[in-house]
Amino acid sequence: MEISDHAYTSTTYDKVNPVEFTYKMSANEIEDFVKLRVSNKYLFSGRRNTSMWAWRAILKHMGLQHKMTHCQASKKWENMKKRYKGLKNPPDGVKVFPEAWPYFSLMDGAMEGRLEGNAPILKACPSNGIFPPVSKPKRRKISTVMSSPADSLAGGPEIEVSLNGDEDEEEAAAEDVDSIMQEMEHGRDMIDSERQVMEREKQVMEREKQVMERERLVLQRERAALDREVAALDRDRASLDRERATLEREKAVMERERAVVEKERDAASRERMALEREKVRLERLSAPKERTEEVTEDGGEAKDSGVTDRKEQFLNLFEKLIENF
């Protein structure tokens with residue numbers, strides 16, 4: 001078999017994760033995205049992890065924290081800046097058409113500072129469990145083996161070249177690891193603080209439960225006292241009812257007795273009037289007799305005066321009897 005003189009190349013790759021899904025933003029979302037990035041540029045101070053927290057704050061404000069990672073947001077912004085710069089300052093001899101890109105005017109306003117203050121000012125702070133985990137990009141190993149027919153026959157050495165991934169991806173992966181560790185620490189602190197808060201709330205609830213139990217016992221004692229007072233009032237009311245009934249009966253008896261006394265008084269008045277009339281009549285009758293007796297003898301006068309005295313005594317006694325009634 002004849003072996004060709006030209007060299008051949010074989011390339012092998014390590015196994016890597018599938019390409020992550022990239023969310024495609026709408027035109028309105030891209031406009032908000034650019035305005036938020038320009039208005040909150042103070043968050044991108046260049047310190048460690050500040051870019052990550054800033055992009056996460058922007059994604060959370062837009063409601064995209066479950067659809068994009070901070071790495072994808074940062075990459076999206078860099079791509080838009082790169083395309084804008086290419087259209088704004090094209091190489092010599094290259095004709096470009098900026099109006100063909102719908103976001104050229106938006107990026108021009110952002111780069112020129114005209115969009116500052118057109119979006120809310122956000123506050124970036126670590127959060128736990130809000131953003132999806134970011135997968136750490138694996139290093140891609142490329143093995144290139146170049147050999148000639150003579151080397152392959154002679155068993156000569158092979159040349160192997162290993163290439164790492166992009167430096168940006170490695171730095172992002174390192175930042176992701178640090179951020180994950182910080183999130184774990186922050187989450188642990190939050191869990192401890194929540195546990196302490198729950199313990200305090202539990203103690204407060206126990207104290208409130210004890211207070212409520214004491215109040216319940218006090219209310220029960222007060223209710224028992226009120227029940228006793230109600231029973232005493234019922235007994236007093238029953239006693240008053242009995243006394244009222246007795247008074248009513250006594251009043252009825254007194255009314256009957258008063259009616260009887262009135263009747264007797266009326267009868268006594270009638271009898272007194274009758275006696276008065278009888279007295280007047282007797283006086284009228286006694287007057288002629290006295291004139292007649294003056295002519296008679298002295299013996300007859302003494303007899304008549306005795307009879308008159310007895311009549312007067314009788315009338316006096318009768319008047320006293322009427323007054324007693």
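**Reading the fold and its aromatic cluster**

Modeller: Read along the sequence, this protein follows the pattern β-α-α-α-α-β-α-α-α. The model is a predicted one.

Colleague: How many helices and strands does the protein have?

Modeller: There are seven helices and two strands.

Colleague: Which share of the 325 residues counts as buried?

Modeller: Of the 325 residues, 20% count as buried. The accessible surface of the protein comes to about 25,400 Å², and 54% of that surface belongs to carbon and sulfur atoms.

Colleague: What share of the contacts with a separation of 6 or more comes from residues 24 or more positions apart?

Modeller: Such residues account for 71% of those contacts in the protein.

Colleague: I should next like to understand the aromatic rings. What describes a pair of aromatic rings?

Modeller: Two quantities describe a pair of aromatic rings: the distance of the centres and the angle of the planes. In this structure, a search of the whole model finds four aromatic pairs. One of them joins phenylalanine 33 and tryptophan 55, with 5.2 Å centre to centre and 15 degrees between the planes. This pair is stacked.

Colleague: Where in the chain do the two partners lie?

Modeller: Phenylalanine 33 belongs to helix H1 (residues 27-39) and tryptophan 55 to helix H2 (residues 50-62). The two are 22 residues apart, and their pair links distant parts of the chain.

Colleague: Is phenylalanine 33 buried or exposed, and is tryptophan 55 buried or exposed?

Modeller: A residue counts as buried under 20% relative accessible area. Phenylalanine 33 has a value of 0% and is therefore buried. Tryptophan 55 has a value of 2%, so this residue is buried as well.

Colleague: What kind of pair do phenylalanine 44 and tryptophan 55 form?

Modeller: Their pair is edge-to-face, with 5.2 Å centre to centre and 65 degrees between the planes. Phenylalanine 44 lies in the loop between H1 and H2, and tryptophan 55 lies in helix H2, so the pair ties together parts that are eleven residues apart in sequence. Ring pairs thus link Phe33, Phe44 and Trp55 into a cluster.

Colleague: Which residue lies over the face of phenylalanine 44?

Modeller: Arginine 37 does, at 3.7 Å from the ring centre.

Colleague: Let us turn to the surface. Which residues make a nonpolar surface patch?

Modeller: Ile180, Met181 and Met184 make a nonpolar surface patch of about 270 Å². Methionine 184 has its place in helix H6 (residues 167-295).

Colleague: Why is methionine 184 classed as partly exposed?

Modeller: The class between buried and exposed runs from 20% to 50% relative accessible area. Methionine 184 is partly exposed because its relative accessible area is 45%.

Methods
Residues numbered from 1 in each chain as written. Predicted model: local features only at pLDDT ≥ 70, side-chain atom pairs only at ≥ 80, totals over all residues. Heavy atoms only, no water. Helix = DSSP H or I, 4+ residues; strand = E, 2+ residues; numbered from the N terminus. Buried < 20%, exposed > 50% of the residue type's maximum accessible area, 1.4 Å probe, protein only. Contact = heavy atoms within 4.5 Å. Areas by Shrake-Rupley, 256 points an atom, 1.4 Å probe, with all protein chains shown as cover. Phe/Tyr/Trp six-rings, centres within 6.5 Å; stacked < 30°, edge-to-face > 60°. Lys NZ or Arg CZ within 6 Å of the ring centre and 35° of its normal. Patch = residues over 30% accessible without salt bridge, like charges linked within 9 Å, V, L, I, M, F, W, Y side chains within 5 Å. Salt bridge = Lys/Arg side-chain N within 4 Å of Asp/Glu carboxyl O.
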